[in-house]
Amino acid sequence: MPVESRHHLAETGAAANAKDARLDAMLQRFDAGEMRALAQLITMVENRAPESSAIIERIYAKTGHAQVVGITGPPGAGKSTLVNRLIAKYRALGKKIAILAIDPSSPFSGGAVLGDRVRMTDHYKDNGVYIRSLASRGSHGGLSRAAREIVKLLDAYGSDVIIIETVGVGQTELSIMDLADTTVVVTVPEAGDGVQVMKAGLNEIADVFVVNKADREGADRVKAELELSVHLRSGEGWRAPVLLTQAAVDRGVDAVVDAIAKHGEYLRAHVDAARESERRTREFVEVLSAELEERAARAVADGGAPGVLGEVRAGKLNPYSAARRILEDRKSLIDLIHNGSSKTESD
Ligand SMILES: Nc1nc2c(ncn2[C@@H]2O[C@H](COP(=O)(O)OP(=O)(O)OP(=O)(O)O)[C@@H](O)[C@H]2O)c(=O)[nH]1
Ligand SMILES: [Mg+2]
């Protein structure tokens, strides 16, 4: 190895040590329950800092305590209003709670919820409530990974309940809801909303149905429709209750808290080992492929695989042949994944 190159490595080594020390300090503050450290770690994970995987690896053993509750449903159904109510209920029960809002269009902590100004301000200062939002724009499918890792951090932080609110009824919502232990689908008695929910497949994943805005006409009809769909959904096991609420005036919300708790108990009593191992396998494959992708991208950015990359850049080699050439040559592959910056491929 040329001298300059060794010198370069020594320097980056020192920088890396300082970085490690900073990260260690941050993780120690996290372990001590410092909310600011939680926020900083979430930001790193959200921005896909290279340390992201190491962070999650470090905190993983502390996860598994929280009940993750997904709340989804059509825009404007009253999800955020409901979540704000739930925050108050859980705090009254002495539970530590975290909210992850995906693309929030309605506020959680700003005190904008009707007459709840004072109470929401209390939450804001309350150490038992952590509220964070995550934008899906421009995240190129990395959203569910970021959400997964943020949930891990919130769990390891000691949250009893983690609520994820998503807007809408699309594929992204379904993939985010995959993170939830308990999924609450919120609808309203508007014409067609029940149908929209069923079309989107949300009724398949609902563990609890909430028909909010029950002050409006048609709530009983939607409730009956949803109950029928639960009835038709074959099999024994958990039967999703259909609850009427008026979140805006705090009516029916206690029953939602009860249903979520009951579903949590049900899950604990009916641990499905096969499903769990499937979920762990899926997570492993996702983490592995994402990690490989990130390492390859970093390596290329750092000038790894210069021979092949040079040919690709010049248009002499098509990307498929180039990828195959790397993948089929053990040494090139290992160099790329392990030390993309050391440029050992063919020089
Ligand atoms: N009539 C009535 N209005 C309600 C009720 N609950 C919430 N709302 C109102 O419905 C509107 C939408 O509520 P949000 O909580 O922002 O709904 P959301 O589902 O979070 O909306 P997005 O995040 O935009 O999808 C607000 O104006 C609420 O005040 C209710 O029980 N009855
Ligand atoms: Mg909302």
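These legends go with an overview and several close-up views of a predicted model.

**Figure 1. The whole protein, with its helices and strands.** Start here to get your bearings: the protein has 15 helices and seven strands. Of its 347 residues, 33% count as buried. If you look at contacts between residues at least 6 apart in sequence, 74% of them join residues at least 24 apart.

**Figure 2. Helix H4, from residue 79 to residue 92.** How far apart should the ends of H4 be? At 1.5 Å a residue, its 14 residues should span 20 Å, and the end C-alpha atoms are indeed 20 Å apart, so the two values agree. H4 is mostly covered, with ten of its 14 residues buried. Among them are Lys-79, Ser-80 and Thr-81 at one end of the list, followed by Leu-82 and Val-83. Tyr-90 is buried too. Just after H4 comes Gly-94, whose phi is positive, at about 80°.

**Figure 3. Lys-213 in its loop.** This loop runs between strand S6 (208-211) and helix H10 (219-232). Lys-213 is not a glycine, yet its phi is positive, near 60°. Is Lys-213 buried or exposed? It has 24 other C-beta atoms within 10 Å, and 20 or more make a residue buried, so Lys-213 is buried.

**Figure 4. Asp-250 in its loop.** Here the loop links strand S7 (242-244) and helix H11 (253-269). Asp-250 is a residue other than glycine with a positive phi, near 60°. Its 17 C-beta neighbours inside 10 Å fall between the limits of 12 for exposed and 20 for buried, so Asp-250 counts as partly exposed.

Key: Residues are numbered from 1 along each chain as its sequence is written. Chains are lettered from A and ligands numbered from 1 in the order in which they are written. This is a predicted model: local features need pLDDT of at least 70, side-chain atom pairs count only at pLDDT 80 or more; totals for chains, interfaces and linings use all residues. Helices (H or I, at least four residues) and strands (E, at least two) are DSSP runs, numbered from the N terminus. Two residues are in contact if their C-beta atoms, placed from the backbone, lie within 7 Å. The expected span of a helix is 1.5 Å times one less than its number of residues.
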